[in-house]
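Got your viewer open? Here's a short walk through one model, with what to select at each stop.

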Amino acid sequence: MLTSVIVQLQAHLMNGTLFLCHTSCELLNVGTLENYLTTVAQWLSRNTYDVITVLMGNYDIVAPQNFTAPVINSGLINYVYTPPTVPMSLESWPTLGEMVLTNQRAVVMLDYNANQTAIPWLLDEFSQMWETPFSPTDRAFPCTPQRPPNQAIQVREDRMYMANHNLNVEVSLAGMTIDIPAFTILNETNAVGGYGSAGVAVQNCTTEWNRPPTFLLVDYYNLGNFNGSVFQVAADANGVTYNRDSCCGTAQSSGGSRTRSIKGCLVLPLLSLSVSLLLLY
């Protein structure tokens, strides 16, 4: 079976090296980007029928060239997909099978400051896709576009999109205000049905945009109204059967870090990384 996942991370540049941190590297530093991408490349080497999208957050808005060495040195460069056109319309994307056959199984994106003229394989996220409100605190999860702003509806209709379904609450930590997962109601947020559920959110998005989200971002994929309920949501959106006994993984947390969902059983040290559930590609 072909599977596809997206890992989303936040990178901070310190002394010429990119580290993975959430908001502040003094609080939530889990190591270098290169080390993590090495893990991703090794996983791709072992799982030859899987496709992965790496969505990198350029927190410091540094030059995109800072991201090339970690991708090259990690070995991930051996799997990167280079799009033939910029931007890619919905119909332009290859199928997962085609990406597997060409071994171009890693789509690498940068949220801000990408330059696809200089680095064709480092995709500009917001010219390739749009997303609903980021770090949502509204349990209704409106399927309204937030990033990029002021984009024509005709363009949005011809792009992939990600529904952010990771409910957050604000907390104060060491003099800073940060968003953390609303952990106590994950059984409702990640549920197949009911108010504030992933299932209802996907249905609403499908009705509003005449197609389900390409990606669904959630917190703690294995928690819900049953173990792995977010996979049932994905299966329903794709019109396929989901085996509820197939869910794997455990909730992880390290130094206030966040673990988010994946489609299928991807065994990676998620730590502070955000991992999304792919619905349709």
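At what relative accessibility does Phe-183 sit, and is it buried, partly exposed or exposed? Keep in mind that you're looking at a predicted model. Select Phe-183: its relative accessibility is 46%, so it counts as partly exposed, since that class runs between 20% and 50%.

**Stop 1: the partner of that ring**

Now add Tyr-220. With Phe-183 it makes an edge-to-face aromatic pair, with 5.4 Å between the centres and 85° between the planes. The two come from distant parts of the chain, 37 residues apart: Phe-183 is in the loop between β10 (176-181) and α6 (186-189), while Tyr-220 is in the loop between β11 (215-217) and α8 (229-238). Tyr-220 has a relative accessible area of 7%, so this one is buried.

**Stop 2: the tryptophans**

The structure has eight aromatic pairs in total. For another of them, pick Trp-130 and Trp-209: this pair is tilted, at 4.7 Å centre to centre and 50° between planes. Again distant parts of the chain are linked, with Trp-130 in strand β7 (residues 129-131) and Trp-209 in helix α7 (residues 198-209), 79 residues apart. Both Trp-130 and Trp-209 are buried. Add Tyr-161 to your selection and you have one aromatic cluster of Trp-130, Tyr-161 and Trp-209.

**Stop 3: arginines over rings**

Show Arg-147 with Phe-134: the charged end of Arg-147 sits over the Phe-134 ring, 4.5 Å from its centre. Then go to Phe-226, where Arg-244 lies over the face at 3.7 Å from the ring centre.

**Stop 4: helix α1**

Select residues 33-46, which make up helix α1. Those 14 residues should span 20 Å at 1.5 Å a residue, and the end C-alpha atoms are indeed 20 Å apart. Colour the buried ones: Leu-33, Tyr-36, Leu-37, Val-40, Ala-41, Trp-43 and Leu-44. Look down the axis of α1 and the buried residues fall within an arc of 160°, so they line one face of the helix. The spacing fits a general rule: an α-helix has 3.6 residues a turn, so residues three or four places apart point the same way. Spin round to the face of α1 turned away from the buried side, and you'll find the exposed residues Asn-35 and Arg-46.

**Stop 5: helix α8**

How many of the ten residues of α8 are buried? Seven, so α8 is largely enclosed by the rest of the structure. To see them, select Ser-229, Val-230, Phe-231, Gln-232, Val-233, Ala-234 and Ala-235. Finish on Gly-239, which follows α8 and has a positive phi, near 70°.

Conventions:
Residues are numbered from 1 along each chain as its sequence is written. This is a predicted model: local features need pLDDT of at least 70, side-chain atom pairs count only at pLDDT 80 or more; totals for chains, interfaces and linings use all residues. Side-chain values use heavy atoms; hydrogens and water are left out. Rings of Phe, Tyr and Trp (its six-membered ring) pair if their centres lie within 6.5 Å; planes under 30 degrees apart count as stacked, over 60 as edge-to-face and the rest as tilted. Helices (H or I, at least four residues) and strands (E, at least two) are DSSP runs, numbered from the N terminus. Buried means under 20% relative accessible area, exposed over 50%, partly exposed in between (1.4 Å probe, protein chains only). A charge sits over a ring if NZ of Lys or CZ of Arg is within 6 Å of the ring centre and within 35 degrees of the ring normal. The expected span of a helix is 1.5 Å times one less than its number of residues. The arc is that of the directions from the helix axis to the C-beta atoms.
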